[in-house]
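Subject: Structure for your review

Dear colleague,

Please find the structure below, handed over for your own work. My findings follow it.

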2 protein chains.
Amino acid sequence: MQVAFGPYVRQRREQLRERDPRYSVRQVAHRISVEPSYLSKVERGEVAPPSESTILKLAEELGADPDVLLAMAGKVSSDLQEAIRARPELFAALIRELKRMPEKAVLRLVREVRDGDW
Amino acid sequence: MQVAFGPYVRQRREQLRERDPRYSVRQVAHRISVEPSYLSKVERGEVAPPSESTILKLAEELGADPDVLLAMAGKVSSDLQEAIRARPELFAALIRELKRMPEKAVLRLVREVRDGDW
DNA sequence: GACATCATGTACTGTGTAGTACACATTACC
DNA sequence: GGTAATGTGTACTACACAGTACATGATGTC
């Protein structure tokens, strides 16, 4: 957890709250179906980040990127995991190769894949 | 778990055993540091697949591809997960893009990345 | 045919995960 | 200034995970 999950969520929520009082701990907690005390503890990092499903609800609620939020929680989206498990040797090789490469190279690759004729 | 983890391990171990009696449940269990009864249950699918670290030892012991064995167990290697977490938006986008693509395209991409000038 | 080795059944355990339930003190509003 | 909403502390819980410990019965081997 290099950048703390909890504080990030808190900051984000407080920011939304400035414009809309519906973003209190209690009301957000209620909307994502957890106890307020639990969300409070999560935001202060007193307990570990929630489950994937709760994180996804939180991401939607706060308008955050779910993959980024999951990453901050030390998790990887289960649909990505499933994609990797479907072709383990292939994806494993690709990811291990790419992880040594500079950001720019990966970005270029993503773009090429996206609009290239693969 | 599309292809059963346990039976695959059992088959593999029995195969090795034909040429070397040191590949009994007991002895393999001992070498990877678990109880024989536990390995037995794992191979028969009576219990869920072991932890990542135990699977890795098993893979080495049986000369199997660790990524494939992990995949069969419904897991993704933690070093891959870490690589994804390091650049979540990038990898998430790439993997989601690639998962719809045919095997051949991914394979070609892997090769190009491997020996290309990225 | 005794002894070792083997696979497996039964019962139990410690640790982690992902929270709930509720009381309490504080703050904000009308 | 009462009441309504808020954040947080304490205590507890249900369930899953990843096994261990030990006994039993079968098999093989010398």
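How many of the 118 residues of chain A count as buried, as a percentage? The share is 27%. Please bear in mind throughout that this is a predicted model.

**Chain A**

Chain A has 8 helices and 0 strands. Read from the N terminus, its elements therefore run α-α-α-α-α-α-α-α. The radius of gyration of chain A is 17 Å, whereas the globule rule gives 13 Å for 118 residues; the computed value is well over the rule, so chain A is more spread out than a compact globule. Along the principal axes, the C-alpha atoms of chain A fill a box of roughly 50 × 25 × 25 Å. Among the contacts in chain A with a separation of 6 or more, 45% come from residues 24 or more positions apart.

**The contact between chains A and B**

Chain A and chain B each bring 33 residues to their contact. On the side of chain B that touches chain A, at least two residues are supplied by each of α5 (66–72), α6 (78–86), α7 (88–98) and α8 (103–115) of chain B. The element that gives the most to this side is α7(B), with 9 residues. By class, the side of chain B that touches chain A comprises 21 nonpolar, 3 polar and 9 charged residues.

**Symmetry**

Chain B is superposed on chain A by a rotation of 180° with 0.0 Å of shift along the axis, at an RMSD of 0.0 Å. This is the relation of a two-fold axis. B:Q81 is the residue of chain B that comes closest to the rotation axis, its C-alpha lying at 4.2 Å. Of the interface residues of chain B, 100% are also interface residues in chain A, which means that the copies meet through the same surface.

**The surface near DNA strand C**

Which residues are closest to DNA strand C? They are A:E35, A:Y38, A:S51, B:V25 and B:S37, out of 17 residues that surround the strand. Two or more residues of this surface come from each of α3 (36–43) of chain A and, in chain B, α2 (25–31) and α3 (36–43). The residues of the surface near DNA strand C divide into 7 nonpolar, 7 polar and 3 charged.

With kind regards

How values were computed:
Residues are numbered from 1 along each chain as its sequence is written. Chains are lettered from A and ligands numbered from 1 in the order in which they are written. This is a predicted model: local features need pLDDT of at least 70, side-chain atom pairs count only at pLDDT 80 or more; totals for chains, interfaces and linings use all residues. A residue is near a molecule or strand if its C-beta atom, placed from the backbone, lies within 6 Å of it. Helices (H or I, at least four residues) and strands (E, at least two) are DSSP runs, numbered from the N terminus. Ala, Val, Leu, Ile, Met, Phe, Trp, Tyr, Cys and Pro count as nonpolar, Asp, Glu, Lys and Arg as charged, and the others, Gly among them, as polar. The radius of gyration is taken over C-alpha atoms; the globule rule is 2.2 Å times the number of residues to the power 0.38. A residue is buried if 20 or more other C-beta atoms lie within 10 Å of its own, exposed if 12 or fewer, and partly exposed in between; C-beta atoms are placed from the backbone. Two residues are in contact if their C-beta atoms, placed from the backbone, lie within 7 Å. Copies are superposed by least squares on the C-alpha atoms of residues with pLDDT of at least 70 in both.
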